[in-house]
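Here is a short set of exercises to work through with the model open beside you. Try each task yourself before reading the solution.

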Amino acid sequence: MTFSIVGFDPNTKELGIAVQSKFLGVGAVVPWAKAGVGVVATQSYANTSYGPNGLELMAAGKTANEALELLLENDSERELRQVGIVDATGNAATFTGSECYDWAGGITGKYFAAQGNILVNEETVLEMGRVFEQTEGTLAERLLAALDAGQAAGGDSRGMQSAAILVVKENGGYGGFNDRYIDLRVEDHQNPISELIRIYHLQQLYFAPSKPEKIVDIIGEVKEELIQNLLRLGYLKQTPDSNEMLYEALTTYLHTENFEVREQETGKIDGEVVEYMKKQG
């Protein structure tokens with residue numbers, strides 16, 4: 001009762017997975033990944049040892065196919081399993097056991113493996129692969145687009161409940177201390193994929209660096225809009241009588257709202273922060 005797609009970006013070396021299931025907290029079970037090693041999706045009566053063991057095998061030099069074969073040969077209940085694997089060079093492998101509930105199956109393509117079980121039809125998997133290959137953007141954006149397309153094509157025949165995305169890259173985590181570049185979960189929701197996409201955009205807003213073309217001077221209409229927003233949100237008590245007062249309120253806002261990554265030199269602001277401020281109640 002799960003469908004997923006695992007993928008690799010040869011330009012950034014990112015590895016990732018997006019998954020949805022009629023299952024509580026699917027992100028705690030299915031996705032496993034390690035930068036520079038590979039990514040594993042283990043589902044359908046998931047054997048969660050496939051995650052760490054598969055990564056260990058690939059870290060030792062096994063390809064995705066070789067790792068998959070070794071995982072399966074040691075599992076007496078392998079016909080109940082479904083697995084998708086991509087290694088650090090983009091080789092992909094997928095397996096669907098003969099005892100998985102219909103519709104169940106998977107496909108591989110250039111830098112991806114897509115699979116699912118208890119689906120409405122095979123179009124779910126085929127559409128995930130097609131959209132992943134044809135979509136431009138970051139690996140996360142392509143994975144999310146593929147997952148969303150899979151749901152639109154049919155999805156899990158039992159419905160929706162949880163979804164997750166995990167993308168890893170070297171030093172990609174917060175502060176550069178680990179590889180968890182994007183690690184987001186929706187545990188229980190009526191439309192978990194839409195909610196996952198929403199919080200992905202929030203994650204990018206909070207933690208992605210500012211785009212140079214979005215940085216603007218705090219003058220004219222931008223300045224007036226900024227003052228009105230800071231007044232409305234309570235960061236200013238009155239119209240500031242100096243730029244120093246305005247910039248102090250802006251700094252307080254940025255640090256309170258966790259926008260340190262988007263903070264600019266004095267006299268400038270990230271336009272995406274301004275747009276977010278306008279939407280705040």
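**Exercise 1. Follow a salt bridge from R262.**

Task: Find the residue with which R262 forms a salt bridge, and work out which parts the pair ties together.

Solution:
- Step 1. The partner of R262 is E272, with the closest N and O atoms 3.0 Å apart. A salt bridge here is a side-chain nitrogen of Lys or Arg within 4 Å of a carboxyl oxygen of Asp or Glu.
- Step 2. R262 sits in the loop between α7 (243–256) and β12 (268–270), while E272 belongs to helix α8 (residues 271–279), so the bridge ties together parts 10 residues apart in sequence. Helices (H or I, at least four residues) and strands (E, at least two) are DSSP runs, numbered from the N terminus.
- Step 3. Now look at exposure: R262 is buried at 3% relative accessibility, whereas E272 is partly exposed at 22%. Buried means under 20% relative accessible area, exposed over 50%, and partly exposed in between (1.4 Å probe, protein chains only).
- Step 4. Widen the view, and R262 and E272 turn out to be linked with K211 and D270 in a network of salt bridges.

Before going on, a note on the model. It is predicted, so local features need pLDDT of at least 70 and side-chain atom pairs count only at pLDDT 80 or more, while totals for chains, interfaces and linings use all residues. Residues are numbered from 1 along each chain as its sequence is written, and side-chain values use heavy atoms, with hydrogens and water left out.

**Exercise 2. Set two other salt bridges side by side.**

Task: Describe where the partners lie in the pairs K169 and E14 and K278 and E275.

Solution:
- Step 1. The total by this rule is 12 salt bridges.
- Step 2. In one of them, K169 pairs with E14, and the closest N and O atoms are 3.7 Å apart. This pair links distant parts of the chain, 155 residues apart: K169 is in the loop between β9 and β10, and E14 is in the loop between β1 and β2.
- Step 3. K169 is partly exposed at 24% relative accessibility, but E14 is buried at 5%.
- Step 4. K278 and E275 meet at 3.3 Å, N to O. Both lie in helix α8, three residues apart, about one turn of the helix.
- Step 5. Each of these two is partly exposed, K278 at 39% and E275 at 38%.

**Exercise 3. Account for the surroundings of D156.**

Task: Locate D156, then list what its side chain meets.

Solution:
- Step 1. D156 is in the loop between α4 (139–153) and β9 (162–168).
- Step 2. This residue is buried yet has no salt bridge; R158, the nearest side chain of opposite charge, is 5.6 Å away. For charges, Lys and Arg count as positive and Asp and Glu as negative; His and the chain ends are not counted.
- Step 3. Turn to the backbone: the nitrogen of R158 lies 2.9 Å from a polar atom of the D156 side chain, and the nitrogen of K22 lies 3.2 Å from one.
- Step 4. Leaving aside neighbours within four places in sequence, D156 is in contact (heavy atoms within 4.5 Å) with residues including M1, F3, Q20, S21, I118 and V120.

**Exercise 4. Check the backbone for special geometry.**

Task: Where is the cis peptide bond, and which loops hold K13 and N171?

Solution:
- Step 1. The cis bond joins D102 and W103, with omega about -15°. W103 is in the loop between β6 (92–96) and β7 (105–109).
- Step 2. K13 is not a glycine, yet its phi is positive, near 65°. Its loop runs between β1 (2–8) and β2 (15–21).
- Step 3. N171, also not a glycine, has a positive phi of about 55°. This residue is in the loop between β9 and β10 (180–186), and is exposed with a relative accessible area of 54%.

**Exercise 5. Step back to the whole chain.**

Task: How many helices and strands does the protein chain have, and what percentage of its residues is buried?

Solution:
- Step 1. The chain has eight helices and 12 strands.
- Step 2. Of its 281 residues, 49% are buried.
- Step 3. The C-alpha trace spans about 75 × 40 × 30 Å along its principal axes.

Conventions
Polar contact = N/O pair within 3.5 Å; in protein donor to acceptor, adjacent residues only side chain to side chain.
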